[in-house]
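Here are my notes on this one, written so you can follow along with the picture open. Have a look at the chain before reading on.

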Amino acid sequence: MKMSTEQIKTKIKSKTDRLESYYKREKEMLEGGVQSYGIGSRNLTRYSTDLAQIRNAIKELEKEISELENLLNGGNKRKAMGVIPMDW
């Protein structure tokens, strides 16, 4: 199923908005979005959201936006690559 130009632009806008939200959340976490607990001499510090999940979502959204922009510009969704196996 082929998407129209307007559908692609709408998806890019939606994903870009989500990406901006993830960037803001990552910045909040890096600037002090941690929870600290202490009982006696033991301390625990953790993020309220997993930073690795945020970073994975950012990476995935950037990839999806790139693919949609390639479709919008008349290119393919993904680049073709060739691999040459070599015996060392």
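1. Start with the parts list: the chain has two helices and two strands. Following the sequence from start to end, you meet them in the order α-β-β-α. Keep in mind that you're looking at a predicted model.

2. Next, the chain as a whole. It has 88 residues, and 16% of them count as buried. The accessible surface adds up to about 7600 Å², with 51% of that belonging to carbon and sulfur atoms. As for contacts between residues at least 6 apart in sequence, 56% of them link residues at least 24 apart.

3. Helix 1 passes a quick sanity check. With 26 residues at 1.5 Å each, helix 1 should span 38 Å, and its end C-alpha atoms sit 37 Å apart, so the two values agree. After helix 1 comes Gly32, which has a positive phi, near 135°.

4. Which residues of helix 1 are buried? They are Ile8, Ile12, Lys15, Leu19, Glu26 and Met29. While you look at them, here's a handy rule: an α-helix has 3.6 residues a turn, so residues three or four places apart point the same way.

5. Now find the largest nonpolar core. Its seven residues are Leu19, Met29, Leu51, Ile54, Ile58, Leu61 and Ile65. Helix 1 (5–30) and helix 2 (51–72) each contribute at least two residues to this core. Helix 2 gives the most, with five residues.

6. Lys15 deserves a closer look. Lys15 is part of helix 1. Why does Lys15 count as buried? Its relative accessibility is 18%, and the cut-off for buried is under 20%, so Lys15 makes the list. Setting aside neighbours within four places in sequence, Lys15 is in contact with Leu61, Glu64, Ile65 and Leu68. Two of those names should ring a bell: Leu61 and Ile65 also belong to the largest nonpolar core.

7. Glu26 is the other residue I'd point out. Glu26 also lies in helix 1, and Glu26 is buried, with a relative accessible area of 16%. Not counting residues up to four places away in sequence, Glu26 touches Leu51, Ile54, Arg55 and Ile58. Leu51, Ile54 and Ile58 are among the residues of the largest nonpolar core. With Arg55 there is a polar contact too: the side chains of Glu26 and Arg55 are joined at 2.9 Å.

Terms used: Residues numbered from 1 in each chain as written. Predicted model: local features only at pLDDT ≥ 70, side-chain atom pairs only at ≥ 80, totals over all residues. Heavy atoms only, no water. Core = buried A, V, L, I, M, F, W, Y, C linked by side-chain atoms within 4.5 Å. Buried < 20%, exposed > 50% of the residue type's maximum accessible area, 1.4 Å probe, protein only. Helix = DSSP H or I, 4+ residues; strand = E, 2+ residues; numbered from the N terminus. Contact = heavy atoms within 4.5 Å. Expected span 1.5 Å × (residues − 1). Polar contact = N/O pair within 3.5 Å; in protein donor to acceptor, adjacent residues only side chain to side chain. Areas by Shrake-Rupley, 256 points an atom, 1.4 Å probe, with all protein chains shown as cover.
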